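These are my notebook entries on a structure that I went through residue by residue. I wrote down what I looked up, in the order in which I looked.

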Amino acid sequence: MKGQQGPNKSPLGVKRKESLTGYLYVAPFFILYFIFGLFPILFSLYLGFQKWNGLGKMEFIGLQNFKLILTDSLFWTSLSNTLIIWVLGTLPQLIIGIILAYALNSALVKLKTLFRVSIFIPYITSTVAVAIVFGIMFNNQEFGLFNSILGIFGIDPVSWGTNFWGVKIAISTMVFWRWIGYNTIIYLAGLQGIPNELYEAAEIDGASTRQKIQYITIPMLRPILILTVFTSTIGALQLFTEPLIFLGSSAREEGITVVLYLYREAFSNLAFGPASATAIILFIIILVFSSVNVFIANRIGK
């Protein structure tokens, strides 16, 4: 009597079953990405050529939304404000972040762990909480913290919420304080990856501290520099929460950014077509600025 042994599974069938199992494991990510990532991008691209208030019927109007945005002086004001805040708040944090990372990596600094934790705390702090606290510190009244400091030197109080440069300095200070620790920790990780033998060999050859930084530290940190410049540029051009909390929903011209302008068009004016057109224009601007910054960062240390 023949045994009850079942047929052997073919290697091809086993491989297909394993592949199907793998696809089922990763499927939730792709489904969620399509719903909350890819679909909004494609829908926004479609809306950029439509006239729609969010409720009624869409009407195709071609490039009219882009023409409306590019001829709106407030859009150019928002772009100018964004770039100024980027210069005041983002560029300094990259430079000072390298200096702080170099200091934290030095053998001369004690309690390194405490300093590393302290400098990283602003990054994990709620952005809304940071904006509220800084809004109190940059109070327009004489008793505000920064106005009190200015009063010590005999300088008149500054209306931080309405002054052209006051608004930008206040928002830039928030951005700088919140992100300086993030970049410092990234630079510190990059510095710790540089072999000490390089510094020891340079020291034997009589290299100064400046020469070691110029010919060893900066070239070895070039990939990290490119990463931080790229992410910081994108983050600065997408600035939204800080000016929204500091200025409120009024979005004054002195501090309105491109994303805040986009938000106003969509949810205050119910003009989703121009808002989507603004998003497309912002994407192109980010692409250009990021490419230029990465090119410049890539040249550093060569």
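I began with Trp-52, which I list as buried because its relative accessible area is 19%, where buried means under 20%, exposed over 50% and partly exposed in between, with a 1.4 Å probe and protein chains only. I note that this is a predicted model, in which local features need pLDDT of at least 70 and side-chain atom pairs count only at pLDDT 80 or more, while totals for chains, interfaces and linings use all residues. Residues are numbered from 1 along each chain as its sequence is written, and side-chain values use heavy atoms, with hydrogens and water left out.

Next I looked up aromatic pairs, meaning rings of Phe, Tyr and Trp (its six-membered ring) with centres within 6.5 Å, called stacked if the planes are under 30 degrees apart, edge-to-face if over 60 and tilted otherwise. The whole structure holds 22 such pairs. In one of them, Phe-29 and Tyr-33 have ring centres 6.2 Å apart and planes at 15°, so I entered the pair as stacked. Both residues lie in helix 1 (residues 11-47), four residues apart, which is about one turn of the helix; helices here are DSSP runs of H or I with at least four residues, strands are runs of E with at least two, and both are numbered from the N terminus. Phe-29 counts as exposed at 55% relative accessibility, and Tyr-33 is partly exposed at 42%.

I then returned to Trp-52, whose ring centre is 5.6 Å from that of Phe-272, with the planes at 45°, so this pair is tilted. Trp-52 sits in the loop between strand 1 (50-51) and strand 2 (59-60), and Phe-272 in helix 13, so that the pair links parts of the chain 220 residues apart. Both belong to one aromatic cluster, together with Phe-39, Phe-43, Phe-240, Tyr-263 and Phe-267.

Which residues of helix 3 meet helix 12? I found Leu-74, Phe-75, Ser-78, Leu-79 and Thr-82 in contact (heavy atoms within 4.5 Å) with Val-258, Tyr-261 and Arg-264 of helix 12.

Last, I looked at the largest nonpolar core, a set of buried Ala, Val, Leu, Ile, Met, Phe, Trp, Tyr and Cys residues joined through side-chain atoms within 4.5 Å. This core has 19 residues, and Phe-75 and Tyr-261 are among those that touch the most other members. Helix 13 gives the most to this core, with six residues.
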